[in-house]
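Got the viewer open? Here is a short tour, stop by stop, with something to select at each one.

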Amino acid sequence: MGRLLDPLVTVVVTHPVRPNQIDDFLDWQHHMVQEESKFEEFRGTELGLYPTVVLLTLALSPLHLRLWIGLLVGKLLSSFIMSFLTMPYYVNPLLGRWLRPPPHEPAARSNLHGLGVVAVAMVFWAAVFYLVTVRFWTLP
């Protein structure tokens, strides 16, 4: 009672996709983005997911877990990390000005700022993961 709800909502969908259903999955994903973009203030992003998955793969690989337990542990850890660490402490602060632009700022400027932040972050993480997975450590 009397508690204000944060209008910013983060949703992470993870599930396996069979190789013969990849095109159907991509169609579904595109449809979801189109529908979600109809809501005011929608910003679709996958900025935090791939670094989390790569880091989990690297962290769990020395354990040589069976496939099913590795997938289960990876899914549980990635859901936890995305919900409680990556989104609130990395993605939301990084994109905060884009997700909640000042009321007086033109939308085009806010969108350009968001695009620039995402581009720089993607280049940074691509370089980090190239160095980690090719130069310093080889993926399993």
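One cut-off before we start: a residue counts as exposed when its relative accessible area is over 50%, as buried when that area is under 20%, and as partly exposed in between. Keep in mind, too, that this is a predicted model.

**Stop 1: the loop before α3.** Select H64, which sits in the loop between α2 (49–60) and α3. With a relative accessible area of 70%, H64 is exposed, since the bar for that label is over 50%. Now check its backbone: phi is positive, at about 50 degrees, even though H64 is not a glycine.

**Stop 2: the whole chain.** Zoom out and color by secondary structure. You should count four helices and zero strands, so in sequence order the pattern reads α-α-α-α, with helices defined as DSSP runs. Switch on the surface: about 11,000 Å² is accessible, and carbon and sulfur atoms account for 68% of that. Of the 140 residues in the chain, 18% are buried. If you like contact maps, take the contacts between residues at least 6 apart in sequence: 62% of them join residues at least 24 apart.

**Stop 3: α3 against α4.** Select residues 67–99 for helix α3 and residues 107–136 for helix α4. Two packed helices are described by the angle between their axes and the distance between the axes. Here the axes come within 8 Å and cross at roughly 150 degrees, which means α3 runs roughly antiparallel to α4. To light up the contact, show side chains for Y90, L94, L95, R97 and W98 on α3, then R109, S110, N111, H113, G114, V117, V118, A121 and W125 on α4. Color that set by residue type and you get eight nonpolar, four polar and two charged residues.

**Stop 4: the salt bridge.** Stay on R97, one of the α3 residues in that contact, and add E105 to the selection. Which residues are joined by a salt bridge here? The side chains of R97 and E105 are, at 2.6 Å from N to O. Side chains of opposite charge can pair when their charged atoms come close. The count for the model comes to one salt bridge, so there is no need to hunt for another by the rule of a Lys or Arg side-chain nitrogen within 4 Å of an Asp or Glu carboxyl oxygen.

Are the two partners buried or exposed? R97 is partly exposed, with a relative accessible area of 33%, whereas E105 is buried, at 11%.

Conventions. Residues are numbered from 1 along each chain as its sequence is written. This is a predicted model: local features need pLDDT of at least 70, side-chain atom pairs count only at pLDDT 80 or more; totals for chains, interfaces and linings use all residues. Side-chain values use heavy atoms; hydrogens and water are left out. Helices (H or I, at least four residues) and strands (E, at least two) are DSSP runs, numbered from the N terminus. Buried means under 20% relative accessible area, exposed over 50%, partly exposed in between (1.4 Å probe, protein chains only). Contact means heavy atoms within 4.5 Å. Accessible areas come from the Shrake-Rupley method with a 1.4 Å probe; for residues, only the protein chains shown count as cover. Axes are lines fitted to C-alpha atoms, for helices over the stretch in contact, and angles run from 0 to 180 degrees between N-to-C directions. Angles under 35 degrees count as roughly parallel, over 145 as roughly antiparallel, 65 to 115 as roughly perpendicular and the rest as oblique. Ala, Val, Leu, Ile, Met, Phe, Trp, Tyr, Cys and Pro count as nonpolar, Asp, Glu, Lys and Arg as charged, and the others, Gly among them, as polar.
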